[in-house]
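Student: Got a minute to walk me through this one? I'd like to start with the charged pairs.

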Number of protein chains: 2
Amino acid sequence: MAEGVPARGGLRERKKKATRAALAEAAVRLAAEHGVENVTVDAICAAAGVSTRTFFNYFDSRDEVFVMIGADSGALVCDDVLAAPAGRAPLDVLREALAAELEEVEQQHETWRLHAEVLGSNPQLLARTLGAHMADELLLAEALAERVGAGSPLFTEDRPAHGSPQEQERRRALPLYPRLLAAVGGTAVRIAVEHWCVRQGETPFAEVFRETFEQLAAGLPEPPRPPDA
Amino acid sequence: MAEGVPARGGLRERKKKATRAALAEAAVRLAAEHGVENVTVDAICAAAGVSTRTFFNYFDSRDEVFVMIGADSGALVCDDVLAAPAGRAPLDVLREALAAELEEVEQQHETWRLHAEVLGSNPQLLARTLGAHMADELLLAEALAERVGAGSPLFTEDRPAHGSPQEQERRRALPLYPRLLAAVGGTAVRIAVEHWCVRQGETPFAEVFRETFEQLAAGLPEPPRPPDA
DNA sequence: ACGCAAAAATGCATGGCCTGCAAAAATTGA
DNA sequence: TCAATTTTTGCAGGCCATGCATTTTTGCGT
């Protein structure tokens, strides 16, 4: 089959992506069939046609193959936050940055639904997901801090290596507001996605998302109409 | 040392408690000394004087021995939410319910500080702790839904067994507002605790907690003063 | 085409985590 | 003391995860 696109990077890079995708796909498929807990790394590798050892060249743990959501989306959100025009409300900036990143969610409905189901019925996996998520959360908190701080170069010098323990410790010491904003924003996204998934997309995701952040911006007041419908 | 209290229950029951405590104590002590990741179950058991197999009669996993905090606090918060006088803003109800629970916990300051230190240096464990509290989030969402719904006995009949998969699935289908409120509330608590721990309690926890929920109630506006102090 | 160097995949050994099962030890109550 | 119940323990086995050495694949200059 002639490649229409040279697919930047050589065959090497493409194969890596393919292998990773094959592993993830096989994992999700087997999980849907036998339940997440009954899917071994060996089974995934057999289905994907690679050795067991290779699996751990792509994922740090068995659970990670089930998470795999928005691997690098966190950095993109941070970029959007930092690139936003000054003077806007931080929550709005965050909302729009997240919205841009979540635009494609609707198309991967099935994937997200499956993941929500899996995570919901599996505390252990949820823990892993949250663990992965929290690194992003701290990154986001830092971006928000830089945006809000406007004049707090407290931490702009002598940065340790990216992702190092010191870096993480430093981020944990960020002011309360950006930490809270980042964490609550991430939580809001999670709830919006879960809510939308459970409802099987009977409402456009964009609307659920909008309503969620409206609630946040309004200070979580009692909802206008009781859900008696 | 003569037991001041007859320790209701026979020697059997006392021994179980003692063993559990010994395991937890040994685990925390070894973790403080060598780092959480370098503490094996075997080492904990050797220090506690029991067999490795026995460990798993007391804890479902290695990590659980490090968590073990506020096991049933979730239910108490739910009770407080349901018992709150009608007419109050849901966010206020939630805040006070959480505050009541956290107040009781703050008396065990030293225990918390030690655990916070351990958890703080170990995101994976923290994530696991959060995962354990995830069930609480859905429970809390349900309590908030009952309180807000005011007249939605949709689910008050034919309840499946508590904690069953159906129960959990049903809770996930709760309306957006209580889900969001429960999740955001839990997140706010987490951020408040983390912030307070990192600052080594230089500010009373109650104040951090108050400020956090003030931010939430105000819709997360840009903070009044940049944290340049 | 060819061959070399870099990168990736693999096999193997090792160690930790966790579970079921059955035997041994301890506790309880009569 | 004796029998019943509960707890502890050893052991086998399976899965997860990592390090190391080896083999295979890919990229690229010649």
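Tutor: Start with how helices are named. They are DSSP runs of H or I with at least four residues, numbered from the N terminus. Also, this is a predicted model.

Student: Okay. Which residue forms a salt bridge with A:R29?

Tutor: A:E25. The closest N and O atoms of the two are 3.5 Å apart.

Student: Where do A:R29 and A:E25 sit, and how far apart are they in helical turns?

Tutor: Both are in helix 1 of chain A. They are four residues apart, so about one helical turn separates them.

Student: Why does that spacing matter?

Tutor: An α-helix has 3.6 residues a turn, so residues three or four places apart point the same way.

Student: How accessible are A:R29 and A:E25?

Tutor: A:R29 is partly exposed at 41% relative accessibility. A:E25 is partly exposed too, at 45%.

Student: How many salt bridges are there over all chains?

Tutor: There are 20. Another one joins A:D92 and A:R95, with closest N and O atoms 3.4 Å apart. Both residues lie in helix 6 of chain A, three residues apart.

Student: Which residues are linked with A:D92 and A:R95 in a network?

Tutor: A:R88 and A:E96. Salt bridges link the four.

Student: And chain B? Are B:E194 and B:R190 buried or exposed?

Tutor: Both are buried. They form a salt bridge, 3.5 Å between the closest N and O atoms. They sit four residues apart in helix 11 of chain B.

Student: New topic: DNA. Which residues are closest to DNA strand C?

Tutor: A:R12, A:T54, A:Y58, B:R53 and B:R62. In total, 20 residues surround the strand. Sugar and phosphate make up 68% of the strand's atoms that come within 4 Å of the protein.

Student: What lies 2.4 Å from a phosphate oxygen of DNA strand C?

Tutor: A polar side-chain atom of A:T54. For A:S51, a backbone N or O atom lies 2.8 Å from a phosphate oxygen of the strand. B:V41 also places a backbone N or O atom by a phosphate oxygen, at 3.2 Å.

Student: Which helix gives the largest share of the surface near DNA strand C?

Tutor: Helix 3 of chain A, with four residues. By type, the surface has five nonpolar, seven polar and eight charged residues.

Student: Last one. How many residues of helix 10 of chain A are buried?

Tutor: 22 of its 23, so the rest of the structure largely encloses helix 10. Just after that helix, A:Q200 takes a positive phi of about 55°.

Notes
Residues are numbered from 1 along each chain as its sequence is written. Chains are lettered from A and ligands numbered from 1 in the order in which they are written. This is a predicted model: local features need pLDDT of at least 70, side-chain atom pairs count only at pLDDT 80 or more; totals for chains, interfaces and linings use all residues. Side-chain values use heavy atoms; hydrogens and water are left out. Buried means under 20% relative accessible area, exposed over 50%, partly exposed in between (1.4 Å probe, protein chains only). Helices (H or I, at least four residues) and strands (E, at least two) are DSSP runs, numbered from the N terminus. A residue is near a molecule or strand if one of its heavy atoms lies within 4 Å of it. A polar contact is a pair of N or O atoms within 3.5 Å; within protein, one must be able to donate a hydrogen and the other to accept it, and residues adjacent in sequence count only if both atoms are side-chain atoms. Ala, Val, Leu, Ile, Met, Phe, Trp, Tyr, Cys and Pro count as nonpolar, Asp, Glu, Lys and Arg as charged, and the others, Gly among them, as polar. A salt bridge is a side-chain nitrogen of Lys or Arg within 4 Å of a carboxyl oxygen of Asp or Glu.
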